Each structure stands twice: as structure tokens, then as C-alpha cells.
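Student: I've just opened this one and don't know my way around yet. Could we go through it together, one question at a time?

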Amino acid sequence: MGEEFDVKIPKALYYRIVRLTNELGVDDVNSFIIDLLREAVSRYEEELGTSVVLSEEEMEKIKDRLKSLGYLD
Amino acid sequence: MVSRPHGGRLVERVIPESKIEHILTESKEFFTYRVDDVRYRDLENLGYGVYSPLTGFIDSVELESILNNMRLANDLPWTIPIILDVDESFKSKVGMGDTVLLKYNDIPVALLHVEEIYSYDKRDFVKKVFRTDDPNHPGVAEIYGYKDYLVSGSIEYIPLYRDGFEDYFLRPKETRLLFKMRGWRTVVAFQTRNVPHMGHEYVQKTALTFVDGLFINPVLGRKKKGDFRDEVILEAYKALIKHYYPKNSVVLSIVRYGMRYAGPREAIHHAIMRKNFGATHFVIGRDHAGVGNYYGRYEAQEIFQEFPDLGITPFFFKEFFYCHGCGGMSNERICPHPDEMKIYISGTKIRSSLISGQRPPSEMMRPEVADRIMEFGDPFVE
């Protein structure tokens, strides 16, 4: 792991997570929280959608190629 | 909506055709460096965004992060280092800020804007990437044969090299638009390096049952003697799709890529590549990207647990076989019958049938596929 930061979370939430990890048989609470955060962050990023922007000219060029290769009718 | 590119942005670093001549004139003053087949294919993938968000060969900070954390320094999952090795002579002639012209088979293929030249520990590299330092592992042997330094820097791809498969290659920008125009919101990608047999077909069709479209993405890369030739693989797939797949449910398009045989780590890398093409799901079968007995049968599936933020969903499959008890294709998760009722698909048996000019058993390969392969006479790499 590279550089790390401390983030404060409510004590009650922390113990709730500990109880959950006990039930799941997970040993490392810290790694579990990191995984949860990564999953949540990734989900929000996905919701932002694709950032692939094509100009009209580029889109037409691609459509022409796809048609000429038989991928589009 | 198709998958968001890895890291949020699809990178394209390709010199437009209108500017190539000018760039080539200018590049006569640049130091020239020749790259091998694998690096050329990496350059194409960097250029067209298959490796998004990478913009070039990685530096020492990224290498350390990938080796130790299986992530880029910005925390994004990334498991296979994309590197270019250079020797002492390169190091003595090229410095930070220089531009180098990269050539493959004497054809200019990219400009490299040098940022760092650094040494690396090959043993540490192979133990982390391949989980072994056994020089008999082909990926390990390749790294041990690399030169002693790595060079990092962004690249600009020069699309001049031709291998005859240009019409079978769709760039990520093109597949993304194609998926969108077909109305596919979910797309499962299937990687292959072989001609299709019944096991492949049933994995693909089972996956397709749950999504809108199937993206069959054969890897064209270095081959060893006895492998099926690239054109044979493509024609065999075209025959299968024509006779056995619903129209407009499948896209067949290649990717040029040099396999590393890094098993679990490479499975993640393959998933990221398909995410950049726009796939939302990716098929991982038995011993994906493995070689010999270096990895467990389903180790490449287990590693996905470590990447809840990958942004592409794996579909895990067990081995398919024909079962007389079930009366069709089945797999160990759904079949209750004993082994003697099963016909396991054997690559060796399929090959020997094809070599002798006979169709393999229909439980193993579709007759139309077998016929198309046999039309080639000798379908294998010499």
C-alpha cells in the first residue's frame, strides 16, 4: 500500500462493521472497509457515464466504416 | 449505456493520417529504436485506447504500484505492467524530454516522448506478475531476456503497419458506437485464441442469455508451431455465427495482443481491455491466460474478489461437455450424471480429426465449422 490517510467514522458504525466482518469470517477490518469504499466509489463513477465524445464528422466516419464492413445495415 | 472506459476517459493517441508525412519528415532527426512484436501490439493498444487510461509506457512509480498493489498510483486496478525495455546504449544516447521514433519491421509505428529511464529488478517483477520465477514459464523467460532498463513516456501511434487483418479490427470508439447503435445496454465479451468448439459455443450462448449482445474478440498475436492460423480462427467463427447465432446479437472483431501467460493477473488485464471496448461483462473460464500447471484451474476467477471496483462484471464458467444423460451440452454445476455418460471436448481429438480430413464428433464441433477449417488444407502454423 502507498501513502495512507486517516478518516474518522462514527464509533457505532465501526462496531457494526466489526460485527459484520465477524459474521462473514473476514479477518482484516481495514481491508474490508477499503473494499467497500472502492466498490461504492466505482459505482458512483460508473453512474457518471461514458465520457467518450465523438464529433458529428467522426461519428459519420465511423458509421460509414461499420456499414462498409457489414457491421451495420 | 455501455461500460464507462477504465479511469473514466477513453484515451486515443493516434497521429491523424493527414499529419503522418510531416511527422515522418520531422522524425528523421529523432533517435530510432526497434520494437518487437509484443511491444508493437502494446503500442497499437495504447494508441487506440484499449489500455485506457494509460498514455504510454509506465514509469518507475507506476511499476512499483502495479507490482505491489495491482493498482496504478491513483488506485485504479491495473495488473500487467506495460513496459519497454532498453539497453545501456539507448540510455547513453537518449535523455528525458527527447522524442524517439519507434519502428517495427522497419516501419515507423510510434513516437515516444521520453520521461524516465530506470532500472528494475527482474526477479521481483516475475515473482509478482507471474507468481513464479521459474525460467521455464514463457512469460518469466521473456522478462529474463529483456534489456536492463525500462523507458517510460507517452506515445503517439503511427497507423502505418499492415498485417492484412485491418478490416477485422474495430477500435474501442467504433465498438462503443456500434453497441449503442444496436441498442445494447449490456455486452459480454469473450476472448479466444482458438477455433470454436461446442464448449465455447455453449459458454457464449449461456452468457448471451443474460445480456443484450455478445462481443467475440479473438486475440491475434504470436503463435507457436501447430496453432491454428489467425485467418482460420476468424473464418471458423464466421461459419459458426452464420449458422448458429441470432443475427445482430454478435459482433466479431479482433484485438492484436501478445499473451503474457500471467494467469490471474492477466485475466484482470483482459477484462480491463474489454471494458474499454465497451463490454459490461467478461467471460472467465478454466485456467484463463494460464500455461502449464503454474496456476490453479479457477485461480483466474478467484482474483476478481480483490477488485470490487473493476467496473466490468465477470461471468465465471466451469468446463462444458456433452452428456448423454442430459441429452445435450452440460457442465459440472448442472449435470448429475456419472463420467461415463460424458464426452469431454478434447482439443487433441479435434485436431487429429481435422488433420485426417474428417469432421470431429458433432458433440465436439459443428460440422459447418469443421468443414470451413478443412477447406484451408493445412490450417496450422508451420
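Student: Let's begin with the two domains of chain B. How many residues of domain 1 of chain B are in contact with domain 2 of chain B?

Tutor: Keep in mind that this is a predicted model. On the domain 2 side of chain B, 9 residues take part in the contact. On the domain 1 side of chain B, the residues that touch domain 2 split by class into 4 nonpolar, 2 polar and 4 charged. The number in contact on the domain 1 side is 10 residues.

Student: Where do those domains lie in the sequence, and what separation do their centres have?

Tutor: Domain 1 of chain B covers 6-157. Domain 2 of chain B is written as two stretches, 167-258 + 318-374. Taken over C-alpha atoms, the centres of the two domains of chain B are separated by 32 Å.

Student: Now a strand. Is β8(B) largely enclosed or open, and why?

Tutor: Strand β8 of chain B spans residues 213-220. A residue counts as buried when 20 or more other C-beta atoms lie within 10 Å of its own. In β8(B), 7 of the 8 residues are buried, so the rest of the structure leaves this strand largely enclosed.

Student: Which strands pair with β8(B)?

Tutor: Strand β7 of chain B, residues 187-192, pairs with β8(B) in the parallel sense over 6 bridges, and there B:Val188 sits opposite B:Leu214. Strand β9 of chain B, residues 250-252, is also parallel to β8(B), over 3 bridges, with B:Ile216 facing B:Leu252. Strand β10 of chain B, residues 255-256, joins in parallel over 2 bridges, and B:Val219 has B:Val255 as its bridge partner. The partners are therefore β7(B), β9(B) and β10(B).

Student: What handedness does the crossover from β8(B) to β9(B) have?

Tutor: Follow the path from β8(B) to β9(B) by way of helix α9 of chain B, residues 230-244. These three elements make up a β-α-β unit, and its hand is right-handed.

Student: I'd like to zoom in on that helix. Is B:His243 buried or exposed, and why?

Tutor: B:His243 belongs to helix α9 of chain B. Beyond its sequence neighbours, B:His243 touches B:Arg366 and B:Glu368. The C-alpha atoms of B:His243 and B:Glu368 are 7.8 Å apart, although their positions lie 125 residues apart along the chain. The cut-off is 12 or fewer other C-beta atoms within 10 Å, and B:His243 has 12, so it is exposed.

Student: Over to the other chain. What is the radius of gyration of chain A?

Tutor: Chain A has 3 helices and 0 strands, and 4% of its 73 residues count as buried. Its C-alpha atoms fill a box of roughly 60 × 25 × 25 Å along the principal axes. A compact globule of 73 residues would come out near 11 Å, whereas the radius of gyration of chain A is 23 Å.

Student: Last one: which element gives the largest share of the side of chain B that touches chain A?

Tutor: The contact involves 21 residues of chain B and 22 residues of chain A. On the chain B side, α3 (60-69) and α7 (172-181) each supply at least two residues. By class, that side of chain B has 10 nonpolar, 4 polar and 7 charged residues. The largest share, 6 residues, comes from α7(B).

Terms used
Residues are numbered from 1 along each chain as its sequence is written. Chains are lettered from A and ligands numbered from 1 in the order in which they are written. This is a predicted model: local features need pLDDT of at least 70, side-chain atom pairs count only at pLDDT 80 or more; totals for chains, interfaces and linings use all residues. Helices (H or I, at least four residues) and strands (E, at least two) are DSSP runs, numbered from the N terminus. Two strands pair if DSSP finds at least two bridges between them. A crossover is right-handed if, with the strands pointing away from the viewer, the path from the first strand over the helix to the second runs clockwise. Two residues are in contact if their C-beta atoms, placed from the backbone, lie within 7 Å. Ala, Val, Leu, Ile, Met, Phe, Trp, Tyr, Cys and Pro count as nonpolar, Asp, Glu, Lys and Arg as charged, and the others, Gly among them, as polar. The radius of gyration is taken over C-alpha atoms; the globule rule is 2.2 Å times the number of residues to the power 0.38. Domain bounds come from an automatic or database domain assignment. Lists of a residue's contacts leave out its neighbours within four places in sequence.
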